[in-house]
Number of protein chains: 2
Amino acid sequence: MELMSFLKQVPLFAGLTAPQYDELAMIITLQDYARGQSIFAEGDPGTGFYVVMEGLVKIYKLSIEGKEQILHIFGPGEPFAEAAVFIGSTFPAHALALEKSRTIFIPRHAFIELIQANPALAMNMLAALSMRLKKFAHLIEDLSLKEVPGRVAAHLLYLSTQQGDSDTVKLNIGKAQLASLLGTIPETLSRILSKLGKQGLISSDGPQITILDRDGLEDLAMGEKL
Amino acid sequence: MELMSFLKQVPLFAGLTAPQYDELAMIITLQDYARGQSIFAEGDPGTGFYVVMEGLVKIYKLSIEGKEQILHIFGPGEPFAEAAVFIGSTFPAHALALEKSRTIFIPRHAFIELIQANPALAMNMLAALSMRLKKFAHLIEDLSLKEVPGRVAAHLLYLSTQQGDSDTVKLNIGKAQLASLLGTIPETLSRILSKLGKQGLISSDGPQITILDRDGLEDLAMGEKL
DNA sequence: CGCTGCGTTGAGCTTCTTCAACGATCGTGG
DNA sequence: CCACGATCGTTGAAGAAGCTCAACGCAGCG
């Protein structure tokens, strides 16, 4: 079945033996979500964690007034909500499917047994959590030390490297979502993209953005004033 | 020796056997730092990680213009810079001793061998990293979704629970450091503490702050306007 | 065809930072 | 022991960045 071939592609599970893959396949369950459907809410009991199989999932926090800050956006092969498993607490954020999505769910208890029998799996998980920490540290740095234009520039450059260092990048999420990911609001993002265009740094055509002045963007991303 | 009794108190090392403690003691080195001395800089190769034995250590990011954002402040028994060990990368932030401090240093390679032989140690480390992630998520939420008065209120309440739910809390760090931890600057923090005082929510005497209206502070911390 | 979600633009305002000056405290060296 | 300088905290006035509120255009879809 294709589930097995998917599992073998997930970096987190690299290094498992064939019987261990079978064991893993026994304990997981598949779950489907429609676009816009909630996967879990902050405060729900963390009885296990997830791996995205298809689609796109956002992890986010909400303020009382309804403002949203996206913490992560995960695509196929990426695990999420692992942290709750190891501290036995509730989910510290919300999760929602941005597109029609399918996830695998791995229950806490069975996974802990699996990991204790598998040093390789433990090391994979340690590496995954460490990467997550590094990304968070970067987000905190951006939010606290950079102005919004700098965050936008940094994100465009990030997308460029993600997409093969092309000078034309395609946004995989809507601009309202992007604004929330960058810690701002759609209006501000729109103004900044327009300003970057007028300065000749980028040219923008809907979700297609072309980088015209890479050095200029890099200066901005480092903290230069616009 | 007292080193051994210290090691046995560190939560991260809980569950090791006596010979494993001996092994641990063999691979670590002690390091002393004066107040204000740098421990490592962002970008240094991450050849191992640390545990605070005495003193106080801050982990922080710097912007080009020199503005600082503190990520963590660690005291005795707390490990730091573990993440770099598991992704084999450079340190993603700076570390500096806020007081005269002593740390133990655990080299990467020896520790990885130790952890692979010890499921309990691996689980401890997974829990530690997960807690770290949760704290980061909380910091991101504060920076992005709360105004500065809300962050101050939340921090005062946090200190109160840390210090036995007393209504009188004592700041363990200077106000300039606190400002940097909360993502603002000393001037703004000073004005806000003064305003909270005028509103009758707190009374402030140097590093001693008394909570007068706990409910009021909690409203603020949740996002209410001042 | 109208509705709804998404993106854009404009005007005004709030919050926070910047810049500057000043007082207090503390550690140190004369 | 006192005086000095450095660091820290506070306060004031001005400015900048980004947010709120409101209106509008546009595309996709029932």
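**Entry 1: helix α9 of chain A**

I started just past the helix: α9(A) is followed by A:Gly223, whose phi is positive, near 120°. Helices here are DSSP runs of H or I with at least four residues, strands are runs of E with at least two, and both are numbered from the N terminus.

A note to self on the ground rules: this is a predicted model, where local features need pLDDT of at least 70 and side-chain atom pairs count only at pLDDT 80 or more, while totals for chains, interfaces and linings use all residues. Residues are numbered from 1 along each chain as its sequence is written, chains are lettered from A and ligands numbered from 1 in the order in which they are written, and side-chain values use heavy atoms, with hydrogens and water left out.

Back to α9(A), residues 214–222: I found A:Gly216, A:Leu217, A:Leu220 and A:Ala221 buried (under 20% relative accessible area, with a 1.4 Å probe and protein chains only). They sit on the same side of α9(A), because they cover an arc of only 135° around the axis, taken from the directions from the helix axis to the C-beta atoms. On the other side, A:Asp215 and A:Met222 are exposed, that is, over 50%. The cover over the buried residues includes α6, α8, β10 (202–205) and β11 (208–211) of chain A, with contact meaning heavy atoms within 4.5 Å.

At the helix start, I saw a side-chain oxygen of A:Asp213 within 3.3 Å of the backbone nitrogen of A:Asp215.

**Entry 2: DNA strand D**

Next I looked at what surrounds strand D, and got 16 residues, with A:Val148, A:Thr184, A:Thr188, B:Lys175 and B:Arg191 the closest (near is a heavy atom within 4 Å). Sugar and phosphate make up 62% of the strand D atoms that come within 4 Å of the protein.

Which part of strand D does B:Arg191 reach with a polar side-chain atom? That atom lies 2.8 Å from a base nitrogen. A backbone N or O atom of A:Val148 is 2.7 Å from a phosphate oxygen of strand D. The side chain of B:Ser190 has an N or O atom 3.2 Å from a sugar or linking oxygen of strand D. I count N or O pairs within 3.5 Å as polar contacts.

By element, α8(B) gives the most to this surface, with 4 residues.

**Entry 3: the two copies**

Finally I laid chain B on chain A: a turn of 180° and a shift of 0.0 Å along the axis give an RMSD of 0.1 Å. The copies are therefore related as by a two-fold rotation axis. I superposed by least squares on C-alpha atoms of residues with pLDDT of at least 70 in both.

Key. Polar contact = N/O pair within 3.5 Å; in protein donor to acceptor, adjacent residues only side chain to side chain.
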